[in-house]
Amino acid sequence: ITTDSGVGLLLPVADCVATVLYDPITKQLALAHLGRHSTVANLMTKLIETMKQQGSLAKDIVIWMAPSIQQTHYRMDYFDYRDAKEWQGFADGREDGIYLDLQGYNQARAIEAGAIGQNIYVSPINTATDENYFSHSQGDKTGRFAVLVYTKK
């Protein structure tokens, strides 16, 4: 999280949900890596709470989720939280594994923390199927794409 204009935040990713949070009132800018582990740790909620502690109102925060792997392709062999109440609807148990909806789960946590749904943009691009993006889940371990954000001076 930064409030310094002209300072860039850079995050390389492959399938995980690179997420930008911005409050145009307080000029707080955050960039988060919302993979499986940080999602389970509720990083989205923690970021919004931190921004609120630093003067933001959750309703003012604009959230953008970058292209990432979609639930249709994000298969886990096991997932310890599959039966947890907060994961209902976001962890789909099928015959061949458990499919996670990281975007939906994080969007729900943001709204629960006070963000407004219309201020949240979730990219529809699936990194597992779009040849313009790297996907570690699909076997491409050599590359990544990056998200770079900053506010102008």
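Is D77 buried or exposed? With a relative accessibility of 63%, D77 counts as exposed, since the cut-off for that class is over 50%. That residue is one stop on a tour of this predicted model, which takes in two sheets, a handful of salt bridges and some aromatic rings.

**Confidence**

The protein chain has an average pLDDT of 92, and 98% of the residues reach at least 70. Among the elements of the chain, strand 4 (residues 62-65) has the highest mean pLDDT, at 98. At the other end, strand 9 (residues 145-149) has the lowest mean, at 88.

**The mixed sheet**

Let's start with the open sheet of four strands, whose order is 3-2-4-8 and whose pairing is mixed. Strand 3 (28-34) and strand 8 (120-122) are the edge strands here, each pairing on one side only. From one strand to the next, the twist averages 10°.

Where does the mix come from? Strand 2 and strand 4 run antiparallel and are joined by four bridges, whereas strand 4 and strand 8 run parallel, with three bridges between them. Two residues of strand 4 are handy landmarks. M65 is the bridge partner of T19, and M65 also stands opposite V122 in strand 8. I63, for its part, sits opposite I120 in strand 8.

The side chains of strand 4 alternate too: I63 and M65 point to one face and are buried, while V62 and W64 point to the other face and are not buried.

Now for the helices. Helix 2 (residues 43-53) packs on this sheet and touches strand 2 (17-23), strand 3 and strand 4. The direction of helix 2 makes about 165° with that of strand 3. Helix 3 (residues 102-112) lies across strand 2, strand 3, strand 4 and strand 8, and runs at about 175° to strand 8.

**The antiparallel sheet**

The other open sheet to look at has three strands in the order 5-7-6, with antiparallel pairing. Strand 5 (75-76) and strand 6 (91-94) are at the edges with a single partner strand each, so one side of each has no neighbour in the sheet. Strand 6 pairs with strand 7 (residues 97-100) over four antiparallel bridges. One contact to pick out in the viewer is D92, whose bridge partner in strand 7 is Y99.

**Salt bridges**

How many salt bridges does the model hold? The count comes to five. The table lists three of them, with the N to O distance and the relative accessibility of each partner.

| Basic residue | Acidic residue | N to O distance |
|---|---|---|
| K52, 31%, partly exposed | E49, 30%, partly exposed | 3.1 Å |
| R75, 36%, partly exposed | D77, 63%, exposed | 2.5 Å |
| R94, 36%, partly exposed | D92, 32%, partly exposed | 2.9 Å |

The K52 and E49 pair belongs to helix 2, where the two residues are three apart, about one turn of the helix. D92 turns up twice in this story: D92 is bridged to Y99 of strand 7 and its side chain forms a salt bridge with R94.

**Aromatic rings**

The count of aromatic pairs is five. In one of these, the ring centres of F79 and Y81 lie 5.7 Å apart and the planes make an angle of 65°, so the pair is edge-to-face. The two partners differ in how they are covered: F79 counts as buried at 9% relative accessibility, while Y81 is partly exposed at 38%.

Another edge-to-face pair is Y133 with F145, at 4.9 Å centre to centre and 80° between the planes. Which parts of the chain does this pair tie together? Y133 lies in the loop between strand 8 and strand 9 and F145 lies in strand 9, so the pair links parts twelve residues apart in sequence. Y133 is partly exposed at 24%, whereas F145 is buried at 15%.

Finally, F79 and Y81 belong to a wider group: together with W87, F90 and Y105 they form one aromatic cluster.

Methods:
Residues numbered from 1 in each chain as written. Heavy atoms only, no water. pLDDT = per-residue confidence, 0-100. Pairing = 2+ DSSP bridges. Axes fitted to C-alpha atoms, helices over the stretch in contact; angles between N-to-C directions. Contact = heavy atoms within 4.5 Å. Salt bridge = Lys/Arg side-chain N within 4 Å of Asp/Glu carboxyl O. Buried < 20%, exposed > 50% of the residue type's maximum accessible area, 1.4 Å probe, protein only. Phe/Tyr/Trp six-rings, centres within 6.5 Å; stacked < 30°, edge-to-face > 60°.
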